[in-house]
Amino acid sequence: MIKQNKFNILVVGLGNIGSRYIQGLLGARNFEFIFHIVEPSYQNYTKSLKTINFEQQNKHIAKHIQLDELEKKYDFIFITTSAAPRAKIIIDIASRTKANFWIIEKNLAQSLHQLQSIEDVLKYEQVWVNMPRRVSPFYTKLKEQIIDRQKTSAELISANLDLGCNAIHFIDIFSWLNSSKLKNIEVSAKSGWFQAKRIGYYEFMGKLDCHYDNGSNLIIDNTKNDLHDKYEIRAEKDIYILEENKGIYVNEKFMPEKNLMQSEIMEGIICRIIENKDKCGLPTLQEALHEHILFFNAILRNKLLETSDGILKIT
């Protein structure tokens with residue numbers, strides 16, 4: 001356990017996700033956090049802090065800083081930028097300062113080359129990737145139900161799901177639920193790239209067929225506009241129907257639970273790091289890199305999704 005109660009945290013990028021990281025730590029009673037925030041827009045910095053009611057608490061401190069004002073070392077670094085500049089920013093930050101622990105947003109980057117760059121610069125650091133379903137009670141309780149099963153199959157069908165942005169969350173949580181490493185992914189694209197909701201980023205329609213070392217498989221499909229959303233796991237004779245905002249149906253028996261939001265789980269993540277140093281529940285950088293590499297390769301193998309420069313404009 002780390003024997004201190006005051007922690008310096010570098011937050012790089014104060015958009016929606018970065019502000020939710022901070023919001024989740026404002027209720028911490030046993031620790032004081034000093035947030036050093038790198039955000040190009042001071043207007044966005046003040047607006048984001050106002051949105052999470054930062055000024056209504058008087059325990060934690062926020063400082064707006066520039067890259068040339070970094071401390072020599074931080075307790076934590078949160079990289080919460082969008083995906084496009086993330087690899088470059090990580091390399092820059094790692095050259096300027098040190099940290100005991102890093103947490104990085106997904107998608108980690110936009111190309112295989114960028115993923116390799118991140119691995120090279122952080123290979124000796126303690127790093128986790130923010131795919132937080134692993135620490136949500138919704139999924140921890142589900143894992144208790146299926147932990148002894150040799151293999152499972154799952155199907156997630158949703159016309160509203162952005163595959164490029166969000167599929168990696170489900171690829172990762174299914175690996176964790178099965179305690180089995182991702183083996184390969186096949187992508188069947190039904191469209192080429194099209195403009196995503198977020199300007200400058202792109203999405204595609206298609207189906208992912210994900211296979212794991214223990215024989216389990218996961219299908220993610222956003223092409224079936226005529227069907228209601230479906231999120232189902234089959235484990236031997238049992239059927240689990242998942243509704244993340246409501247609960248889990250186990251063979252028609254209802255188990256109420258909600259998948260928690262980022263701001264609701266952040267304090268627990270950081271407290272576990274402080275208490276254990278080497279564990280927090282999130283996937284490690286190496287685990288996440290493995291999943292990202294297989295995902296990116298699967299996309300790039302599809303003729304409809306090829307890019308001339310290997311850049312996947314997803315976030």
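These legends walk through a few views of a predicted model.

Residue numbers start from 1 along each chain as its sequence is written, and side-chain values use heavy atoms, leaving out hydrogens and water. Local features need pLDDT of at least 70 and side-chain atom pairs count only at pLDDT 80 or more, while totals for chains, interfaces and linings use all residues.

**View 1. The whole protein has eight helices and 16 strands.** These are DSSP runs numbered from the N terminus (helices: H or I, at least four residues; strands: E, at least two). With a radius of gyration of 20 Å, close to the 20 Å from the globule rule for 315 residues, the protein is as compact as a globular protein of that length. That radius is taken over C-alpha atoms, and the rule is 2.2 Å times the number of residues to the power 0.38. The C-alpha trace spans about 55 × 50 × 35 Å along its principal axes.

**View 2. Strand β12 (residues 217-221) pairs with β7 and with β11.** Strands pair if DSSP finds at least two bridges between them. β7 (residues 153-157) runs parallel to β12, joined by five bridges, and here Glu-155 partners Ile-219. β11 (residues 206-212) is antiparallel to β12, also over five bridges, with His-211 partnered by Asn-217.

**View 3. A hairpin links β11 and β12.** Four residues lie between the two strands, and Gly-215 in the turn has a positive phi of about 95 degrees.
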